[in-house]
Amino acid sequence: MYKVLKFSATWCAPCKKSTNDIETNGWPFENIELTHYDVENNDEVVDAYGVMNIPLFVILKDSVEIARKVGYSTYTDLIDWVKQNTQE
């Protein structure tokens with residue numbers, strides 16, 4: 001089972017753009033959960049994943065990290081990256 005974690009902050013312009021892209025276009029993967037974490041309010045999770053830069057997307061397969069993507073990507077690039085790493 002795959003899961004995507006999105007780390008961002010309200011003050012981060014690229015994070016806002018990424019969030020807006022997803023909200024506008026939707027999350028096209030019914031079987032892949034997308035979980036958002038604000039780095040200002042989730043120290044434990046941020047530390048656990050070693051978040052140093054945002055926005056950050058982490059793909060988990062059966063709770064094990066298999067890929068990460070740092071920085072803003074267009075909606076299409078993000079979706080293609082998820083597809084490549086999850087075979088969806």
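Let us begin with a meeting of two residues: F7 stands opposite Y37, which belongs to strand 2. Keep in mind that the model you are looking at is predicted.

To see how these two come together, step back to the strands. Strand 1 and strand 2 pair with each other in the parallel sense, and 6 bridges join them. Between them in the path comes a helix: strand 1, helix 1 (residues 13-25) and strand 2 make up a β-α-β unit, and this unit is right-handed. If you would like to trace the unit on screen, start at strand 1, go on to helix 1 and finish at strand 2.

Now return to the two rings. A pair of aromatic rings is described by the distance of the centres and the angle of the planes. In the case of F7 and Y37, the centres are 5.4 Å apart and the planes make an angle of 20°. Planes under 30 degrees apart count as stacked, so F7 and Y37 form a stacked pair. Because F7 sits in strand 1 (residues 2-8) while Y37 sits in strand 2 (residues 33-38), their pair ties together parts that are 30 residues apart in sequence. Are these two residues buried or exposed? Both F7 and Y37 are buried.

The story of the rings goes a little further. Y49 joins in as well, since ring pairs link F7, Y37 and Y49 into a cluster. Altogether, the model has 3 aromatic pairs.

Elsewhere you can find W27 and F29. Their ring centres lie 5.1 Å apart with the planes at 70°, so this pair is edge-to-face. How accessible are the two partners? W27 is partly exposed, with a relative accessible area of 22%. F29, at 7% relative accessibility, counts as buried. The cut-off explains the two labels: buried means under 20% relative accessible area, so the 7% of F29 falls within that class, while the 22% of W27 does not.

Finally, turn to the cysteines. A disulfide is a covalent bond between the sulfur atoms of two cysteines. This model holds 1 disulfide, and C12 and C15 form it, with their sulfur atoms 2.4 Å apart. Which hand does the disulfide have? The torsion about the S-S bond is about 75°, so the disulfide of C12 and C15 is right-handed. Both ends are hidden from the surface by the burial rule: C12 is buried, at a relative accessible area of 6%, and C15 is buried too, at 1%.

Technical notes
Residues are numbered from 1 along each chain as its sequence is written. This is a predicted model: local features need pLDDT of at least 70, side-chain atom pairs count only at pLDDT 80 or more; totals for chains, interfaces and linings use all residues. Side-chain values use heavy atoms; hydrogens and water are left out. Rings of Phe, Tyr and Trp (its six-membered ring) pair if their centres lie within 6.5 Å; planes under 30 degrees apart count as stacked, over 60 as edge-to-face and the rest as tilted. Helices (H or I, at least four residues) and strands (E, at least two) are DSSP runs, numbered from the N terminus. Buried means under 20% relative accessible area, exposed over 50%, partly exposed in between (1.4 Å probe, protein chains only). Two strands pair if DSSP finds at least two bridges between them. A crossover is right-handed if, with the strands pointing away from the viewer, the path from the first strand over the helix to the second runs clockwise. A disulfide is a pair of cysteine sulfur atoms within 2.5 Å.
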